[in-house]
Amino acid sequence: MNTPPSPPGVERTDGSAVRIGALVPLTRPGWVEAGRHLLAGLELGVREVNDTGGIAGRPLELVVRDTAADPRRAAAAVDEVAGLGVAALAGEYHSVVARAAAARADALGLPFLCSSAVLDALTEQPTQWVARLAPAQSHGWRIYADFLLGVGHSRIAVAAQPSVYWASGTRVLRDHLAPRGGTVIELDMGALSPTAVCDELVGHRATALLLLVGHPEPAVPIVRAVRRDPRLAEVMIGAPAGQPEFAGWATSLGDDGAAIPFLRYLPERLGPLGTRVGTALRERLAEAPSFVAFEGYDTVAVLADVLRSHGVDRARIAESWPRVTVEGTRGRIRFSRTPDIGVWQWAWAPVQVVDRDPAEPERFRILHTG
């Protein structure tokens with residue numbers, strides 16, 4: 001039996017399905033492209049589970065809620081889907097939103113497998129209820145910092161908006177670069193225009209500018225301003241959070257959006273499962289799937305394995321995290337306790353630094369792996 005996932009606001013009432021709550025940013029100011037890719041991966045995973053018999057003969061069903069990048073909306077959605085009887089919670093892309101969802105899931109005793117958010121402090125205290133697939137920010141951004149040093153950048157400016165996530169990223173970069181001779185210069189995007197950013201880069205003699213800001217605003221005007229300033233022809237622009245991964249980046253910026261290195265959580269070569277899933281995701285999305293789509297698929301693969309092995313009891317699901325061993329699209333997934341991270345963590349998904357090829361902006365170049 002193939003039961004399609006419910007659209008937002010639509011629930012099954014016959015009690016036959018095993019339900020998973022799914023938190024996804026589907027409207028602004030959420031990163032809608034990322035949400036669409038995450039949901040595509042979740043939906044494909046559910047379809048394949050149901051095509052192979054479901055969970056002990058019961059169909060798997062997503063109960064989707066749009067977070068719109070709003071932590072309060074996400075927390076309310078966790079309460080709602082918990083009341084609807086979901087066995088577990090999945091998804092979310094935005095770190096600050098996932099943190100609110102994790103806190104609520106922990107308080108309610110609802111297992112939460114976070115698909116894509118990377119903030120190290122996903123919970124204030126260690127919890128048995130939450131596990132995560134995406135690599136922690138400190139892991140990925142240290143790899144990015146090593147890449148910067150390796151290509152000769154030691155005076156690095158960060159154009160940052162106020163956010164726990166951006167502040168955490170800045171701290172990771174500074175802590176990793178300072179002992180290695182690197183300097184991080186903070187530019188407050190609450191106070192600077194794109195033109196003023198250019199002046200600051202010249203004044204500080206920065207050789208790289210990292211965009212710790214939202215897309216399209218203010219990332220797109222900053223990139224355009226830097227690209228058009230002849231004083232900054234040799235300055236590298238980077239975006240560790242992955243803004244250039246999605247097609248909207250190339251659409252907004254064209255050639256200006258190429259050669260901007262970012263973090264992507266894919267292996268150099270996908271194995272047979274990843275290749276097959278990538279083809280199916282491309283058909284579903286009508287474009288190349290991002291790593292976020294693979295994270296969505298892997299989330300369902302893990303939860304389906306847990307549900308088949310341990311049933312739908314929430315406490316038993318949470319107790320199973322350390323025993324998970326599932327072949328995902330990007331490698332074998334196991335969870336462990338990692339220093340300074342309070343959730344069960346896959347340590348680690350593969351990490352690449354990539355950019356869009358200036359000669360062919362639809363093609364990605366792998367610059368560094370970690």
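## Helix α9, its neighbours and two strand pairings

Among the elements that cover the buried residues of helix α9 are α1 (32-51) and α10 (291-310). The model described here is predicted, and the account starts from this helix before turning to the helix pairs and the strands.

The buried residues of α9 are Gly274, Val277, Gly278, Ala280, Leu281 and Leu285. Does the length of the helix agree with or depart from what its residue count would suggest? At 1.5 Å a residue, the 14 residues of α9 (residues 272-285) should span 20 Å, and because the end C-alpha atoms of the helix are 20 Å apart, the two values agree. Directly after α9 comes alanine 286, which has a positive phi, near 60°.

The two helices named as cover for α9 also meet each other. The axes of α1 and α10 come within 7 Å and cross at roughly 35°, and the crossing is right-handed. On the α1 side the residues that take part are Ala34, His37, Leu38, Gly41, Leu42, Leu44, Gly45, Val46, Glu48 and Val49, and these meet Val292, Ala293, Gly296, Tyr297, Thr299, Val300, Ala304 and Arg308 in α10. By class, the residues of this contact between α1 and α10 divide into 11 nonpolar, five polar and two charged.

A second helix pair is formed by α2 (residues 71-83) and α3 (residues 95-108), which pack at an angle of about 35° with their axes 8 Å apart. The crossing of α2 and α3 is right-handed. From α2 the contact draws on Pro71, Ala74, Ala75, Val78, Asp79 and Ala82, while α3 contributes Val96, Val97, Ala100, Ala101, Arg104, Ala105 and Leu108. Which classes of residue make up the contact of α2 with α3? It has 11 nonpolar and two charged residues, and no polar ones.

Turning to the strands, β1 (residues 18-24) is mostly covered, with seven of its seven residues buried. Val18, Ile20, Ala22 and Val24 point one way from β1, whereas Arg19, Gly21 and Leu23 point the other way, and all of them are buried. The pairing of β1 with strand β2 (residues 60-66) is parallel and runs over seven bridges; within it, leucine 23 stands opposite arginine 65 of β2.

Elsewhere, three strands form an open sheet in the order β10-β15-β16, with antiparallel pairing. Its edge strands are β10 (262-264) and β16 (360-369), each of which pairs on one side only, and the twist averages 45° from one strand to the next. Between β15 and β16 there are two residues, and the two strands form a hairpin.

The strand pairings are set side by side below.

| Strand pair | Sense | Bridges |
|---|---|---|
| β1 and β2 | parallel | seven bridges |
| β10 and β15 | antiparallel | three bridges |
| β15 and β16 | antiparallel | six bridges |

Individual residues can be placed within the antiparallel pairings as well. Where β10 meets β15 (residues 352-357), arginine 264 stands opposite glutamine 352 in β15. In the pairing of β15 with β16, aspartate 357 has glutamate 360 of β16 as its bridge partner.

Note on methods
Residues are numbered from 1 along each chain as its sequence is written. This is a predicted model: local features need pLDDT of at least 70, side-chain atom pairs count only at pLDDT 80 or more; totals for chains, interfaces and linings use all residues. Side-chain values use heavy atoms; hydrogens and water are left out. Two strands pair if DSSP finds at least two bridges between them. Helices (H or I, at least four residues) and strands (E, at least two) are DSSP runs, numbered from the N terminus. Axes are lines fitted to C-alpha atoms, for helices over the stretch in contact, and angles run from 0 to 180 degrees between N-to-C directions. The expected span of a helix is 1.5 Å times one less than its number of residues. Buried means under 20% relative accessible area, exposed over 50%, partly exposed in between (1.4 Å probe, protein chains only). Contact means heavy atoms within 4.5 Å. A crossing is left-handed if the near helix is turned anticlockwise from the far one by less than a right angle, and right-handed if clockwise. Ala, Val, Leu, Ile, Met, Phe, Trp, Tyr, Cys and Pro count as nonpolar, Asp, Glu, Lys and Arg as charged, and the others, Gly among them, as polar.
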